[in-house]
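The following exercises concern a ligand site, the empty space in a protein and its backbone geometry. Each task is followed by a solution in steps.

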Amino acid sequence: MRHMLNPLDFSVEEIDRLLSLASDIEHNLPKYAHVCDGKKLATLFYEPSTRTRLSFESAMLSLGGSVLGFSSADSSSAAKGESVSDTIRTISCYADIAAMRHPKEGSALVASQASSIPVINAGDGGHQHPTQTLTDLMTIRSLNGKLNNMTIGLCGDLKFGRTVHSLINAMVRYPDIRFVLIAPDELRIPSYIREDVLKANKVEFKEVNNLDEAMPELDILYMTRVQKERFFNEEDYIRLKDCYILDKKKMKLARENMYVLHPLPRVNEISTEVDSDPRAAYFKQVQYGVYVRMALIMTLLEVEKPC
Ligand code: NCD
């Protein structure tokens, strides 16, 4: 039995296969309508979510399966003090696969150790968010036709942004990837990513504060929200929350073929005037999120691809 806790749980070849399956699903959706008939997905969400939870549910329903679950810790027995391990042992009796989001780093790993069904990490605190990364990879591959040889700018809250951590983990395995890490000093990338992932893999990267200066060299700009819920102090959040705002004026500095991605939700960091720019790809990204989750559910449940 396999889980998806970190993008590195899948080799580059397995991710390639998964993205190809997701792309086949995109183009032949009706063919997949019954491949998970009779299977159940449980969504265990201890933290707020719109896209991740609903895209998992939509994915399972589109495969012919059913869904059950909870969308806040308050409405589960966590409010009575139940441990994640006991909850997942229980859920293992009700469902065939589970997607879990939890505010504590490492919680999905803990759940997987007590689980008798595959566990998908749908975000564990400021740590990892592998299914967002699969979404990002599918988006980049579909728009750029490749996953190698490009400069990716990651902008905003690189400290607490788990989507950024997972994306870096996944992308360092492709050839000729360069990163420009654009963040205020307080929200720089954590040292374990800088040392153990970027430097250890000899990946070219630089850390800068200025978005305007970085714009002309980017193939992808990945914007992120300042992660309010992970701050200890409201004053710091207020001071940093609008540190970068992507607007039309900044987009003029970018290449014609640079794409803007964002895991969403957006707060102020991308002005709505950018939405009509053909390079704004963040709502396409949402659609790809359903296809990759369909492909992931099929892969973890070992469901055969229909002919
Ligand atoms: C992200 C998350 O939860 O980490 N959202 C998502 O799943 N698309 C990003 C965020 O909340 O900023």
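For the class counts below, Ala, Val, Leu, Ile, Met, Phe, Trp, Tyr, Cys and Pro are nonpolar, Asp, Glu, Lys and Arg are charged, and the others, including Gly, are polar. The model is predicted.

**Exercise 1. The largest cavity**

Determine how many cavities of 30 Å³ or more are present, and characterise the lining of the largest cavity by residue class.

Solution.
1. The count gives two cavities of 30 Å³ or more. The largest cavity has a volume of about 90 Å³.
2. Its lining comprises 13 residues, and those closest to the centre are Arg51, Gln132, Thr135, Pro263 and Val286.
3. Three helices, α2 (51–62), α5 (130–144) and α11 (282–300), each contribute at least two residues to this lining. The largest share is that of α11, with five residues.
4. Sorted by class, the lining of the largest cavity holds four nonpolar, seven polar and two charged residues.

**Exercise 2. The largest pocket**

Establish what lines the largest pocket and what its volume is.

Solution.
1. The largest pocket encloses about 380 Å³ of space.
2. Of its 20 lining residues, Arg101, Arg162, Arg225, Leu264 and Pro265 lie nearest the centre.
3. At least two lining residues come from each of α2 and α6 (162–171).
4. The class division of the pocket lining is four nonpolar, 10 polar and six charged residues.
5. The largest pocket is the space taken by the ligand, which leads to the next exercise.

**Exercise 3. The ligand shell**

Identify the residues that surround the ligand, and state how much of the ligand's area the protein buries.

Solution.
1. With a cut-off of 4 Å between heavy atoms, the shell consists of Thr52, Arg101, His129, Gln132, Arg162, Thr163, Arg225, Gln227, Pro263, Leu264 and Pro265.
2. By class, the shell contains three nonpolar, five polar and three charged residues.
3. Polar side-chain atoms of three shell residues can now be examined. An N or O atom in the side chain of His129 is 2.7 Å from an oxygen atom of the ligand. For Thr52, a polar side-chain atom lies 2.8 Å from a ligand oxygen atom, and for Gln227 the corresponding distance is 2.8 Å.
4. The ligand taken alone exposes 320 Å², of which the protein buries 94%.

**Exercise 4. Backbone geometry**

Which residues does a cis peptide bond join, and where does Asn149 lie?

Solution.
1. The general expectation is that most peptide bonds are trans and that most residues other than glycine have a negative phi.
2. The bond between Leu264 and Pro265 is cis, with omega at about 5°. Pro265 is placed in the loop between β9 (259–261) and α11. Leu264 and Pro265 also belong to the ligand shell.
3. Asn149 is not glycine, yet its phi is positive, near 50°. Asn149 is located in the loop between α5 and β5 (150–155).

Methods. Residues numbered from 1 in each chain as written. Predicted model: local features only at pLDDT ≥ 70, side-chain atom pairs only at ≥ 80, totals over all residues. Heavy atoms only, no water. Polar contact = N/O pair within 3.5 Å; in protein donor to acceptor, adjacent residues only side chain to side chain. Areas by Shrake-Rupley, 256 points an atom, 1.4 Å probe, with all protein chains shown as cover. 1 Å grid on protein atoms, 1.4 Å probe; cavity = no way out; pocket = protein on both sides within 12 Å on 5 of 7 lines; lining within 4 Å. Sits in = over half its atoms within 2 Å of the grid points. Points joined across faces, edges and corners; volume = space filled by probe spheres on them. Helix = DSSP H or I, 4+ residues; strand = E, 2+ residues; numbered from the N terminus.
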